[in-house]
Structures are given as C-alpha cells and as structure tokens.
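This report introduces one structure to a reader who has not met it before. Please look at the sequence and the fold before reading on.

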Amino acid sequence: MEDKIIHHAEFAANLGLYWLLLGAAYFSLSIVGIPLLLLWFPIGLWGTRRYIRNMSAELTSSKLIVRRGILTRNENTVPLDKITDMALIQGPIMRLFGLHKLTVETAGQSGAGALISLVGIVDAPQFRTRVLEQKERLTQRPHPASPSVQPDDALLQNVVEMAASLKRIEALLSQKLNR
C-alpha cells in the first residue's frame, strides 16, 4: 500500500532572520564572539537559507516524514500510531516573529526530549491538528469481526456448562478436604 501525501508543510519566510538574530545574540554574549559577528551575518545568512531550503515535513496517510540538513542530511520517518505527544512551544522571541516550535515524541524513543523538533512551520497549530486527526483515523479503522462470534443462545449454553463444571470441581475439592 503506497502512502498518499496528505499535507506538505511550508516554512515561514522570517525563519532565517529569527535564526540569524538568535545566533547574533549568542555571539554578542561573549567578548570573543563580538568580532565573530562580522563573519556570522554573511555565513549565517547563507547557512540559514540553505538549511531552510533543505527542510521539509510531509504528512502521509500513515507516517510523518521530516527531512533537513546542509552537510549531513537527516530524514526521520515516524509512524503516526507511534506518536505519543505533539507539543507547540512559543517563547517570547518566537511570538515576536510569529513562529512556533513543534515537537514530536514517540513511544519507545530513547533519551529525553523530542524525537523531532521543527521551528517555523506556517500555521503550526493547523499542521499539528492534521497530524493528530490522521493518527486518530488510523486508530479508528474498523477491525474485522471475529469469526468466533456466537449467537446469544450458544453463548448462554457455554456459560451454563462452565457453571456446571465449576460446581463439579467445588464438590470434588470439598470431598478431598473432608478426608
């Protein structure tokens, strides 16, 4: 069964600027970092643009696929039925830029923290809702009826026979205890 792509996430246009300014803030916190700011802006601008161009997040009928990276490219494929939590995080600077961080945690993941962390998805709450709705659809698929379903009369007859067997066992046990 081939997975159909349900939704392809887009990333915010100001995500690169957010990362660029965040990096500049870290550099400016140290005396050594201040002169490096002159290098950070051209290199950081190139790096953030390239990184964002290589980022993608796709929701298919049964999994979430996230790709990213510049030199080392990573692809995470998470089956929807393994997702245990999807959190939306928005700090004060992110709120200023209108960005959200979406984290995905799964059953059986090793280590603490999120397996996938995505910043800057356009309309992140809607993307999260789509993923969770598709997960719900997968878990609500009807299971085929068990072939051993018996009519009420046959079920009642089995219960009567089990009760009779239990009474015989009790009688045998009480005879053994009385000896």
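Is Leu172 buried, partly exposed or exposed? The model is a predicted one, and in it Leu172 has a relative accessible area of 54%. Because the cut-off for exposed is over 50%, Leu172 counts as exposed. Leu172 belongs to helix α5, which covers residues 152-178. Its C-alpha atom lies 73 Å from that of Gly120, with the two positions 52 residues apart in sequence.

**Helix α1 and its neighbours**

Helix α1 runs over residues 15-28, a total of 14 residues. From the first C-alpha to the last it reaches 20 Å, close to the 20 Å expected at 1.5 Å a residue. The buried residues of α1 are Leu15, Gly16, Tyr18, Leu20, Gly23 and Ala24. As a general point, an α-helix has 3.6 residues a turn, so residues three or four places apart point the same way. The buried residues of α1 pack against three elements: α2 (33-53), α3 (92-97) and β7 (116-119).

The packing of α1 with α2 can be described further. The two helices meet at an angle of about 155 degrees, and their axes are 9 Å apart. Since an angle over 145 degrees counts as roughly antiparallel, α1 is roughly antiparallel to α2. The crossing of α1 and α2 is right-handed. On the α1 side, the contact is formed by Leu15, Gly16, Trp19, Leu20, Gly23, Ala24, Phe27 and Ser28. On the α2 side, the residues met include Gly33, Leu37, Trp40, Phe41, Gly44 and Ile52. Sorted by class, the contact of α1 with α2 has 13 nonpolar residues, 6 polar residues and no charged residues.

**Strands β1 and β6**

Ile6 is part of strand β1, residues 5-8. With a relative accessibility of 37%, Ile6 is partly exposed. Setting aside residues up to four places away in sequence, Ile6 touches Leu59, Thr60, Ser61 and Gln134. The C-alpha atoms of Ile6 and Ser61 are 6.4 Å apart, although 55 residues apart in sequence.

Thr106 lies in strand β6. Its relative accessibility is 11%, and because buried means under 20%, Thr106 counts as buried. Beyond residues up to four places away in sequence, the contacts of Thr106 are Val78, Lys82, Ile83, Thr84 and Leu115.

**Loops on either side of β7, and helix α4**

Leu115, one of the residues touched by Thr106, sits in the loop between β6 (101-106) and β7. At 36% relative accessibility, Leu115 is partly exposed.

Asp123 is placed in the loop between β7 and α4 (124-139). Asp123 is also partly exposed, at a relative accessible area of 48%. What is the sign of phi at Asp123? Phi is positive there, at about 55 degrees, although the residue is not a glycine. In general, most residues other than glycine have a negative phi.

Lys135 is located in helix α4. Leaving out residues up to four places away in sequence, Lys135 touches Leu80, Asp81 and Ile83. Ile83 also appears among the contacts of Thr106.

The table collects separations between C-alpha atoms, in sequence and in space.

| Pair | Separation in sequence | C-alpha to C-alpha distance |
|---|---|---|
| Ile6 and Ser61 | 55 residues | 6.4 Å |
| Lys135 and Lys63 | 72 residues | 8.6 Å |
| Leu115 and Lys135 | 20 residues | 17 Å |
| Leu172 and Gly120 | 52 residues | 73 Å |

How values were computed
Residues are numbered from 1 along each chain as its sequence is written. This is a predicted model: local features need pLDDT of at least 70, side-chain atom pairs count only at pLDDT 80 or more; totals for chains, interfaces and linings use all residues. Side-chain values use heavy atoms; hydrogens and water are left out. Helices (H or I, at least four residues) and strands (E, at least two) are DSSP runs, numbered from the N terminus. The expected span of a helix is 1.5 Å times one less than its number of residues. Buried means under 20% relative accessible area, exposed over 50%, partly exposed in between (1.4 Å probe, protein chains only). Contact means heavy atoms within 4.5 Å. Axes are lines fitted to C-alpha atoms, for helices over the stretch in contact, and angles run from 0 to 180 degrees between N-to-C directions. Angles under 35 degrees count as roughly parallel, over 145 as roughly antiparallel, 65 to 115 as roughly perpendicular and the rest as oblique. A crossing is left-handed if the near helix is turned anticlockwise from the far one by less than a right angle, and right-handed if clockwise. Ala, Val, Leu, Ile, Met, Phe, Trp, Tyr, Cys and Pro count as nonpolar, Asp, Glu, Lys and Arg as charged, and the others, Gly among them, as polar.
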